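Trainee: I would like to go through this structure and ask what each term rests on.
Mentor: Go ahead, and keep the structure in view.

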Amino acid sequence: MKKATQAVHAGKRHSVNQGGVVTPIFTSTAISYMDDSEVRYPRYFNTINSQVTADKLACLEESEAAIVTSSGMGAISSVMLALLKPGDHVVVLEGLYGGSHALVLEEFQRLGIEWSFVAADPDSMRSAFQPNSRMVYVESPTNPLLRVLNLKEVASLAKSNRAISVIDGTFATPILQNPIALGFDIVLHSGTKYLGGHSDLCCGVVAGNEININKVRNTAITYGTSLNAQDCALLERSLQTLELRVMRQSENALVIAQAMEKHPLVRKVNYPGLAAHPQHEIARRQMRAFGGMLSFELDESIEVESYLRNLNLIGCAVSLGGVESTICQPVATSHMKMPEQERQRLGITPRLLRLSVGIEDPQDLLEDLLPG
Ligand SMILES: *Cc1c(COP(=O)(O)O)cnc(C)c1O
């Protein structure tokens with residue numbers, strides 16, 4: 001099955017649907033165990049809405065198994081807690097999503113886990129491995145600069161150092177990129193973004209092989225990061241249009257990036273779909289399209305705050321991946337806590353804006369973004 005078909009049909013269990021085409025929402029927390037093969041309970045990730053949704057995601061990610069969690073951070077923390085122990089070392093990509101960055105800085109220290117931040121190039125990654133390196137943790141494309149890692153290369157680097165490779169694939173979604181097929185052990189997502197896709201649902205996903213997912217699930221059961229039945233059903237519903245949404249968002253983003261690239265009031269555009277993007281060739285090889293996220297730097301002649309306030313259609317918001325386009329200034333939002341010097345080194349300037357492109361008509365979006 002192709003992605004669009006998987007998005008609609010994968011995971012469905014017609015036997016529980018009472019003739020309907022939709023999975024019923026099963027809210028019972030007390031479940032008879034006498035004639036069942038296992039003890040079922042919502043927090044155990046084994047009730048019907050949780051399983052159907054996880055099965056759809058496992059199929060989309062081309063993985064053996066998956067679990068659906070109560071947030072993206074719930075997915076990330078469950079993976080870390082399940083697969084790391086005191087004394088282990090983690091090779092971590094620099095400039096991670098803020099919550100993940102905080103998890104490393106605040107929790108790893110407390111848990112006795114060591115780490116090295118590395119730049120998004122194979123050489124600095126290669127030289128960061130230590131004998132106790134147990135995990136490589138990356139994102140691609142990255143936030144907010146949309147750098148793209150060569151995933152095959154990162155996965156094999158991890159393998160040759162006997163470390164587990166983990167990627168946060170939130171920006172790409174399983175529609176555009178399947179890291180497990182490229183050798184990664186685990187791919188996780190903030191489902192709050194594209195997977196939910198309508199800015200009304202907070203959830204997360206972890207996908208991988210049975211052995212790893214069993215470990216992560218056991219830890220997630222202990223720490224209690226399951227997702228309730230209603231939200232599992234909402235996620236299952238949303239995933240059915242994931243391919244449609246993400247392909248349209250990618251088309252729109254390319255149109256906008258190309259128009260911005262030529263515009264005198266935009267100094268720089270970061271979008272993997274542009275031929276000028278430094279990893280455009282890698283992105284072309286490992287992604288089906290280039291996604292709905294882009295960032296750009298405004299010319300000095302434009303005042304950033306008044307530019308943002310003058311947008312009519314596009315709202316200033318920190319989340320992303322919804323059907324509606326949203327924009328934010330990373331230095332004032334997602335990267336506010338990052339020290340100024342670090343931001344400068346990475347290239348996250350006050351003139352940089354991050355745009356999450358929705359499914360609207362691209363001409364309407366362009367008129368808002370580049371008036372006149
Ligand atoms: C939002 C986000 C997260 C955290 O997800 P929550 O659902 O907010 O917990 C993790 N990684 C990336 C890349 C994100 O954008």
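Trainee: What makes one say that the ligand sits in a pocket?
Mentor: The model is a predicted one. A molecule sits in a pocket if more than half of its atoms lie within 2 Å of the pocket's grid points. The ligand sits in the largest pocket.

Trainee: Which residues are around the ligand?
Mentor: A residue is near a molecule if one of its heavy atoms lies within 4 Å of it. The residues around the ligand are Ser-71, Gly-72, Met-73, Ile-76, Tyr-97, Asp-168, Thr-170, Ser-190, Thr-192, Lys-193 and Cys-203. They divide into 4 nonpolar, 5 polar and 2 charged. Helix H3, residues 72-83, gives the largest share of this shell, with 3 residues.

Trainee: What makes the approach of Thr-192 to the ligand a polar contact?
Mentor: The cut-off for a pair of N or O atoms is 3.5 Å. An N or O atom in the Thr-192 side chain is 2.6 Å from an oxygen atom of the ligand, so the pair is within the cut-off and counts. For the side chain of Ser-190, the distance from an N or O atom to a ligand oxygen is 2.9 Å. Gly-72 takes part through its backbone: a polar atom there is 2.8 Å from an oxygen atom of the ligand.

Trainee: How much of the ligand does the protein cover?
Mentor: On its own the ligand has 380 Å² of accessible area, and the protein covers 91% of that.

Trainee: How many helices and strands are in the chain?
Mentor: The chain has 14 helices and 12 strands.

Trainee: Why is the chain called as compact as a globular protein of its length?
Mentor: The globule rule gives 21 Å for 372 residues, and the radius of gyration of the chain is 21 Å, close to that value, so the description holds. Along its principal axes the C-alpha trace spans about 70 × 55 × 35 Å.

Trainee: Where are the cis peptide bonds at Pro-141 and Pro-144?
Mentor: One joins Ser-140 and Pro-141, with omega about -10°. Another joins Asn-143 and Pro-144, with omega about 0°. Pro-141 lies in the loop between strand E4 (133-139) and helix H6 (151-160), and Pro-144 is found in the loop between E4 and H6.

Trainee: What is the phi of Gln-18?
Mentor: Gln-18 has a positive phi of about 50°, although it is not a glycine. Gln-18 is in the loop between helix H1 (3-9) and helix H2 (48-61).

Note on methods: Residues numbered from 1 in each chain as written. Predicted model: local features only at pLDDT ≥ 70, side-chain atom pairs only at ≥ 80, totals over all residues. Heavy atoms only, no water. Polar contact = N/O pair within 3.5 Å; in protein donor to acceptor, adjacent residues only side chain to side chain. Areas by Shrake-Rupley, 256 points an atom, 1.4 Å probe, with all protein chains shown as cover. 1 Å grid on protein atoms, 1.4 Å probe; cavity = no way out; pocket = protein on both sides within 12 Å on 5 of 7 lines; lining within 4 Å. Helix = DSSP H or I, 4+ residues; strand = E, 2+ residues; numbered from the N terminus. Nonpolar A, V, L, I, M, F, W, Y, C, P; charged D, E, K, R; others polar. Rg over C-alpha atoms; globule rule 2.2 N^0.38 Å.
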